[in-house]
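Student: I would like to go through a structure with you, one question at a time. Could we begin with the backbone and then move outward?

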Amino acid sequence: MIQSKYLLILTICSVFIYVGVKFRNNTVATKIEPVIYYQLKDFNTVKKFDVHIHINTKETHFIQQAIADNFYFQDIVDDRPFGVIMDQQQSFAKIHLNNFPDQMNFATTFKVSNWDQKDWVKSTIAHLKQSFAQGATAVKIWKNIGMDLRDENGDFVMVDHPRIDSVLTFLSETGIPLLGHNGEPRDCWLPLEKMIFNQGYYGSHPEYHMYLHPEYPSYEDQINARDTMLEKHPNLNFMGAHLGSLEWSLEELAKRLDAYPLMRVDLTRMPNLKLHTFNNRQKTREFFITYQDRLIYGTDTAINPTDDPDELKDRIHQRWLDEWKFYATDNPLKLKGYGKLKGLKLPREVIDKIYFENASKLLGFKTMG
Ligand SMILES: [Zn+2]
């Protein structure tokens with residue numbers, strides 16, 4: 001009896017010591033008061049925000065599902081060369097914002113088809129000002145810068161280019177955040193057999209598989225250009241899309257979050273996050289707790305005019321619910337190709353930040369409720 005009492009005290013002590021473990025140079029605060037958690041059934045009652053949505057239609061089925069699931073969201077316009085073009089995306093965004101101003105915000109972007117013109121900076125800033133007047137509250141910069149756009153000498157234009165600096169200085173001064181999809185997952189530069197998750201995509205799209213195109217900038221070139229950009233603009237509110245293209249390493253991501261205090265990342269690389277958890281759940285939890293103010297929930301869902309309304313609603317609802325399971329509970333989950341893992345069961349205050357407060361602060365988004 002006495003022995004088991006000592007064992008219990010020892011176990012409690014070791015729990016507190018373990019909670020104090022460091023993730024790089026940030027100490028996870030030791031909590032004496034009991035930690036509160038959400039459950040699966042709280043999914044509907046908790047206010048949530050999906051920071052990475054692309055609506056390519058004037059239909060509202062997605063928005064109806066968001067309202068039903070207590071989700072707010074950001075619709076992101078970008079300058080992609082396929083599907084619905086930038087101007088059309090922006091006109092859908094304006095219609096939706098007009099009809100659902102309490103449910104969403106939208107991020108605009110700028111074109112580079114006129115890059116060579118002398119007044120590119122001036123006309124880009126004028127376009128951004130006009131978009132802000134129409135309700136945009138953030139700006140997206142896409143991977144075409146770094147992977148497609150070339151200057152007059154045929155060299156790739158990277159995100160730290162001086163001409164882009166002028167636009168970013170404008171954003172820093174106005175406080176409008178930049179959302180950066182810079183580069184691609186590291187898999188893109190690896191041979192198919194060394195990839196973690198993207199064999200299917202790059203296998204069928206060799207034109208985008210950078211391992212086959214060594215004349216293009218390397219993965220390191222992309223990350224270095226992004227880091228240089230952040231060094232040059234310390235007052236820029238920045239959110240790196242897709243875990244800042246550092247999805248493969250929590251250590252590498254932590255280094256950037258430590259180095260750039262205004263950098264946040266969205267969590268739109270769920271298979272990688274599950275793999276980190278599968279490999280080391282404790283370390284992954286510590287990462288989330290340490291950087292709880294810098295991580296923003298998102299799915300990168302595209303809503304297209306060809307979507308069947310019921311299938312779309314069901315798909316997004318199921319995804320949001322499954323991911324809630326991963327973050328808020330320790331329910332068993334599966335990772336295809338690897339096996340079983342347990343959800344992270346993050347404390348309630350961490351869930352509230354990554355699911356709403358961090359996006360709200362970054363974007364100046366407020367709800368009525
Ligand atoms: Zn996206």
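Student: Is L243 buried or exposed?

Tutor: L243 is buried, because 22 other C-beta atoms lie within 10 Å. A residue is called buried if 20 or more other C-beta atoms lie within 10 Å of its own, exposed if 12 or fewer, and partly exposed in between, with C-beta atoms placed from the backbone. This is a predicted model, in which local features need pLDDT of at least 70 and side-chain atom pairs count only at pLDDT 80 or more, while totals for chains, interfaces and linings use all residues. Residues are numbered from 1 along each chain as its sequence is written.

Student: Where is L243, and what is its phi?

Tutor: L243 sits in the loop between β8 and α9, and its phi is near 55°, a positive value in a residue other than glycine. Helices (H or I, at least four residues) and strands (E, at least two) are DSSP runs, numbered from the N terminus.

Student: And S245, buried or exposed?

Tutor: S245 counts as buried, with 25 C-beta neighbours inside 10 Å. S245 is also in the loop between β8 and α9, and its phi is likewise positive, near 55°.

Student: What do β8 and α9 form with β9?

Tutor: β8, helix α9 (residues 250-259) and β9 make a right-handed β-α-β unit. Right-handed means that, with the strands pointing away from the viewer, the path from the first strand over the helix to the second runs clockwise.

Student: How many bridges join β8 to β9?

Tutor: Three bridges join them, and the two strands run parallel; strands pair if DSSP finds at least two bridges between them. M239 stands opposite R264 in β9. On its other pairing, β9 is joined to β10 by two bridges, again parallel, with D266 opposite I296 in β10.

Student: Which residues of β9 are buried on each side?

Tutor: M263 and V265 are buried on one side, and R264 and D266 on the other, so to speak a strand with both faces covered.

Student: What is the strand order of the sheet?

Tutor: The sheet is open, has nine strands with parallel pairing, and follows the order β10-β9-β8-β7-β6-β5-β4-β3-β11. β10 (295-296) and β11 stand at the edges with a single partner strand each, so one side of each has no neighbour in the sheet. Elsewhere, β5 (residues 104-108) and β6 (residues 136-141) pair in the parallel sense over three bridges, and A107 stands opposite A138 in β6.

Student: Which strands does α13 lie across?

Tutor: Helix α13 (residues 348-363) lies across β3, β4, β5, β6, β8 (238-240), β9 (263-266) and β10, at about 65° to β3. Axes are lines fitted to C-alpha atoms, for helices over the stretch in contact, and angles run from 0 to 180 degrees between N-to-C directions. Contact requires C-beta atoms, placed from the backbone, within 7 Å.

Student: Changing topic, which residues of α2 are buried?

Tutor: In helix α2 (residues 61-68) they are F62, I63 and A66. Seen down the axis, these residues fall within an arc of 95°, so they line one face of the helix; the arc is that of the directions from the helix axis to the C-beta atoms. Their cover includes β3 (48-55), β4 (71-76), α3 (86-99), β11 (301-303) and α12 (309-328).

Student: What about L212, how exposed is that residue?

Tutor: L212 counts as partly exposed, because it has 13 C-beta neighbours inside 10 Å. L212 lies in the loop between α7 (199-204) and α8 (219-232).

Methods. Two residues are in contact if their C-beta atoms, placed from the backbone, lie within 7 Å.
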